[in-house]
Amino acid sequence: MMGRAGRPQFDDSAVAVIYVQDAKKTFYKKFLYEPFPVESSLLPVLPNHVNAEISAGTIDSKQAIVEYLSKTYLYRRLFANPNYYGLEEDSEEAMLKFITKIVDDSVAELLASECIHVDSEQDVIKPTPCGRIASVYYLQHETVRFLVKSLHSGCSVENMLKILTDVPEYAEIPVRHNEDLINTELQKKLRIRFSTSVMGTSACKAHLLFQAHFMRTVLPTDYRTDLKSVLDQCIRILQAMREMARLKNWLSATMNIILLQQMCHSARWHDDHPLLCLPHLSHEDARSIGDGMTIPQLQNHLEIEKSTSLDDAKLARRAQKLFRECTKLDEAQSREVLKALCNWPIINMKIMQLVDSRGNCVDIDETKKPVKVTAGEVYKLRIVMERVGPGKNNSSMHLPQWPKPKQAGWIIVVGNVSADMILNTTTVTGSHSTRSTAKLDIRAPATKGNHELAVLILSDCYLGIDQEYTLRLDVC
């Protein structure tokens, strides 16, 4: 109100008069002429900070937590303004009791979230794998606690989406006045629906935003801003979910989390027609090109892999002929689809080798006999992948619905499909090199006989271009 005193562009100065009760006059004068004290906001989130320090190795006991607190702004303000933090008296004994309580409470919270392990005899605090995941991916310890309780091996993609949107990170998504009514109308256009009683919750709104993203539904301006905020956070949460599923060696759950990550980047449902990820294509166009055709199959049909340039005239003629016969695209749109197809990664497996502890190397061929291995021994699986086609040197992904630039990345998973068990995973990040190498340690099965393992090469952002190879072992 004071900022609006005077008339802009007419007055050079203005006067603001504040009328208060005489008893409050001194308070308001102090409020106006002296800086307002800044208080610490550390206390409500102290367990998260303590967990990060424990994971980093800088805190390993309750005494170390006290020493950490003594160097914070919270510690200084406790003595300056104890009433603000809930202290009824400012004596040294009361202060010590309060600090001991917040340290004990923080440790108890982290124990409940399975983020730390406490050795009571030696008074040593150590991080757990869950605690490290929370620290690496900047998650609240309450999120890890929720994921531990919610994730299980049988979770479908839809279950994973519900878990993703229920995490505490999305509790801050704003639900503005009357947006519960907008949410009710929005969900009528979407696949999964909720009771009207939860339309005013942040978790429900986040779920609807994801669904709208997958269906590429037009949203109001505020919702587009909220969707960007939701997408900005989802990948680190999904990566944490994947790490936690990996700790339990759940293969199908890990695969569904990766599939959900691909859906977030591609802005499509996992069971949509694969060609709908390409620009301009409608459902009718995609079905006309091929009812079950995938992007790799379309690339193979157009012989894109054999082309070395985006300006290949023969390739352009083949593509224009196909799109003219099967779609309603104009010439400019057809060129954009072809450009996207040329830049869509085409990956070939060049080398797959198994190396034992003595350095002996065996090339793996799916068509040959099983590889002989020793039961229980650890082997190194070496995989060399090569990008081919006209876009082989371009590692940037074509993701028009994703708010940030994205480089190509691959997730390598080795597992036993029949036992629904992961043996190991690794990631390969995008680069301008046409070749990428991945190395994984895998332990041979303990039981003798023939075994089959699946080697999965999964895109971290594209739907429908994953590859699966079979590793046949003769365990002796």
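The centres of domain 1 and domain 2, taken over C-alpha atoms, sit 31 Å apart in this predicted model. Those two come from a domain assignment that splits the protein into domain 1 (151–266), domain 2 (274–343) and domain 3 (346–475).

On to the packing. The largest nonpolar core takes in 130 residues, and the members that touch the most others are L164, Y170, F210, M241, L278 and L381. The top contributor to this core is helix α11 (residues 221–247), which supplies 12 residues. A second core, separate from that one, has eight residues, among them I258, I422, A454 and L456. As for F210, leaving aside residues up to four places away in sequence, its contacts are L161, L164, T165, Y170, V230, L231, C234 and C264.

C234 turns up again in the geometry of α11: the helix has a kink of about 35° centred on this residue. What does the end-to-end span of α11 look like? With 27 residues at 1.5 Å a residue, α11 should cover 39 Å, and its end C-alpha atoms are 40 Å apart, so the two figures agree. Just past the helix comes N249, with a positive phi near 60°.

Two further residues with positive phi deserve a look. Y138 is not a glycine, yet its phi is positive at about 55°; this residue belongs to the loop that links α6 (129–136) and α7 (141–150). A267, also not a glycine, has a positive phi of about 60° and lies in the loop between α12 (251–266) and α13 (283–289). Buried or exposed: where does each of them fall? Y138 has a relative accessibility of 67%, over the 50% cut-off, and therefore counts as exposed. A267, in contrast, has a relative accessible area of 0%, so this residue is buried.

That leaves the strands, with β6 (residues 378–388) as the one to follow. On one side of the pairing list, strand β3 (residues 346–355) and β6 run antiparallel, joined over nine bridges; within this pair, N348 has E386 of β6 as its bridge partner. Strand β9 (residues 435–443) also pairs with β6 in the antiparallel sense, again over nine bridges, and here R382 stands opposite K439 of β9. Why is β6 described as largely enclosed by the rest of the structure? Because eight of its 11 residues are buried.

Methods: Residues numbered from 1 in each chain as written. Predicted model: local features only at pLDDT ≥ 70, side-chain atom pairs only at ≥ 80, totals over all residues. Heavy atoms only, no water. Core = buried A, V, L, I, M, F, W, Y, C linked by side-chain atoms within 4.5 Å. Buried < 20%, exposed > 50% of the residue type's maximum accessible area, 1.4 Å probe, protein only. Helix = DSSP H or I, 4+ residues; strand = E, 2+ residues; numbered from the N terminus. Contact = heavy atoms within 4.5 Å. Pairing = 2+ DSSP bridges. Domains from an automatic or database assignment. Expected span 1.5 Å × (residues − 1). Bend = angle between axes of the 7 residues up to and from the residue.
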